[in-house]
Amino acid sequence: MTLVLKTTDEDLQTAAHILADGGVIAFPTETVYGIGADATNSAAVEKVFLAKNRPHDNPLIVTVSDENMLWRFAKKNQRAEKLISKFWPGSLTLILPLISDELLSHNVTAGLKTAAFRNPETAATRTLIGLLKKPIVGPSANLSTKPSPTTAEHVLHDMAGRIDAVIDNGPTTVGVESTIVDLSVKQATILRPGIVTADDIAEVLAEKVIDPVGPISVAAGMTPKAPGMKYRHYAPSKEVVIFTKLDIGDLKKNLQKGDVVAALDDSLARLEIGRQDSWSLGETAASATEELFSALRFFDDQKEVKRIYVEGLPLQGIGEAYMNRLEKSAGGQHFESK
């Protein structure tokens, strides 16, 4: 049985006791819901891998309560300090060299001498980690490969009976995972785009930041430094196809029974598709990013749905993070007129 907790002081104390006893908790952040366990307890961390069906060579993000907790595990880094002063708490994850590979559980780092650290904006989660007095791992609280959860209901859909509790803080506000920047290399490099952009980071560091175009991947025999680089991610069981505004005329003529559409409001109006077969992504790239995983999860649960068409957006600002997740969800499949 999975307990549903709130963000009250009493429930956070309960959650902290569960974690201290080696249990597993799903917790809220501003990006997506995470699944947490004591990052220094290998047996507890193993439960996270089992709950998610996650490969062991896929390292976990370490979630800390504040900067002081970070420096108990990571080597001091001037670039990191600059970014922390600007973006923490918030949606930025920093990959840093470890002081020692003995401080965190070995299955957190997949044997690497670096780890990814994040300090989320959500106060309840920072309080929870503070009560535990130890960092917790923080991968998304979904079955591996599936769309990330943006509500406690999404968590329970995948994780009921697999974890001890979920802390319900309502829907998340960002909707996609944090930006990951690698600071363990000479030139800061974006490994996963998010709401904090490469330009944002470059402005703070006053140096160029490497921002590869498209999803980054690693070879089969290599261990990735960050989540999302090696295995399929964010994908529902239904077919996902990306379209753009230029495709709307042809898409409208080619829609078939079992096809549904998730798009910006102006595109839905042009497609003239019924409410039961559509999901509004709002009016902006920010709203689309917030709604993307909810749309994919909703349609994936509808038996009659065969194909999900999702509107692609320009690779600008938050649109880069949106398209990173969407391209992976669709396996790179784009609409082609028949």
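Colleague: Before we look at the strands, what does "buried" mean here?
Modeller: Buried means under 20% relative accessible area, while exposed means over 50% and partly exposed lies in between. Keep in mind that this is a predicted model.

Colleague: Thanks! Then which residues of β14 are buried on one side, and which on the other?
Modeller: R307, Y309 and E311 are buried on one side, and I308 and V310 are buried on the other, which leaves both faces of β14 covered. Put as a count, five of the five residues in β14 are buried.

Colleague: Why do the residues split between two sides like that?
Modeller: In a regular strand the side chains alternate between the two faces of the sheet.

Colleague: Which sheet does β14 sit in, and what is the strand order?
Modeller: The sheet is open and has four strands, ordered β11-β14-β12-β13, with parallel pairing. Its edge strands are β11 (239–243) and β13 (278–280), each pairing on one side only. From one strand to the next, the twist averages 20°.

Colleague: How many bridges hold β14 to β11?
Modeller: Five bridges, in the parallel sense, join β11 to β14 (residues 307–311). Within that pairing, F243 stands opposite E311, and I242 is opposite V310.

Colleague: And how many bridges are there between β12 and β14?
Modeller: Four, again in the parallel sense. V261 has Y309 of β14 as its bridge partner.

Colleague: Let's move on to helices. Which strands does α11 touch?
Modeller: Helix α11 (residues 285–300) packs on the four-stranded sheet and touches β11, β12 (259–263), β13 and β14. The direction of α11 makes about 160° with that of β13.

Colleague: What about α12?
Modeller: Helix α12 (residues 318–330) also packs on this sheet, touching β11 and β14. Its direction is at about 135° to that of β11.

Colleague: Now aromatics. How many pairs are there in the whole structure?
Modeller: A search of the whole structure finds five aromatic pairs. One of them is F298 with F299, an edge-to-face pair at 5.4 Å centre to centre with 65° between the planes.

Colleague: Is F298 buried or exposed?
Modeller: F298 is partly exposed, because its relative accessible area is 37% and partly exposed covers values between 20% and 50%. F299 counts as buried, at 1% relative accessibility.

Colleague: Which residues form a cluster with those two?
Modeller: W279 joins F298 and F299 in one aromatic cluster.

Colleague: Back to Y309 for a second. Why is its pair with F335 called edge-to-face?
Modeller: The ring planes of Y309 and F335 stand at 75°, and planes over 60 degrees apart count as edge-to-face. The ring centres are 6.0 Å apart. This pair links distant parts of the chain, with Y309 in strand β14 and F335 in the segment after α12, 26 residues apart.

Colleague: Are Y309 and F335 buried or exposed?
Modeller: Y309 is buried, with a relative accessible area of 3%. F335 is buried too, at 10%.

Colleague: New topic: what does UniProt place at residues 9–196?
Modeller: The unreviewed UniProt entry places the feature "domain: YrdC-like" there. In the model, that span is 31% helix and 18% strand, and its end C-alpha atoms lie 30 Å apart.

Colleague: And what is the order in the six-stranded sheet?
Modeller: That open sheet runs β7-β4-β6-β5-β9-β10, with mixed pairing. Its edge strands are β7 (136–137) and β10 (189–192).

Colleague: How does β4 join β7?
Modeller: Strand β4 (residues 61–63) and β7 run antiparallel, joined by two bridges. V62 has V137 in β7 as its bridge partner.

Key:
Residues numbered from 1 in each chain as written. Predicted model: local features only at pLDDT ≥ 70, side-chain atom pairs only at ≥ 80, totals over all residues. Heavy atoms only, no water. Pairing = 2+ DSSP bridges. Axes fitted to C-alpha atoms, helices over the stretch in contact; angles between N-to-C directions. Contact = heavy atoms within 4.5 Å. Phe/Tyr/Trp six-rings, centres within 6.5 Å; stacked < 30°, edge-to-face > 60°. Buried < 20%, exposed > 50% of the residue type's maximum accessible area, 1.4 Å probe, protein only. UniProt positions renumbered as here; feature names shortened; annotations may be inferred.
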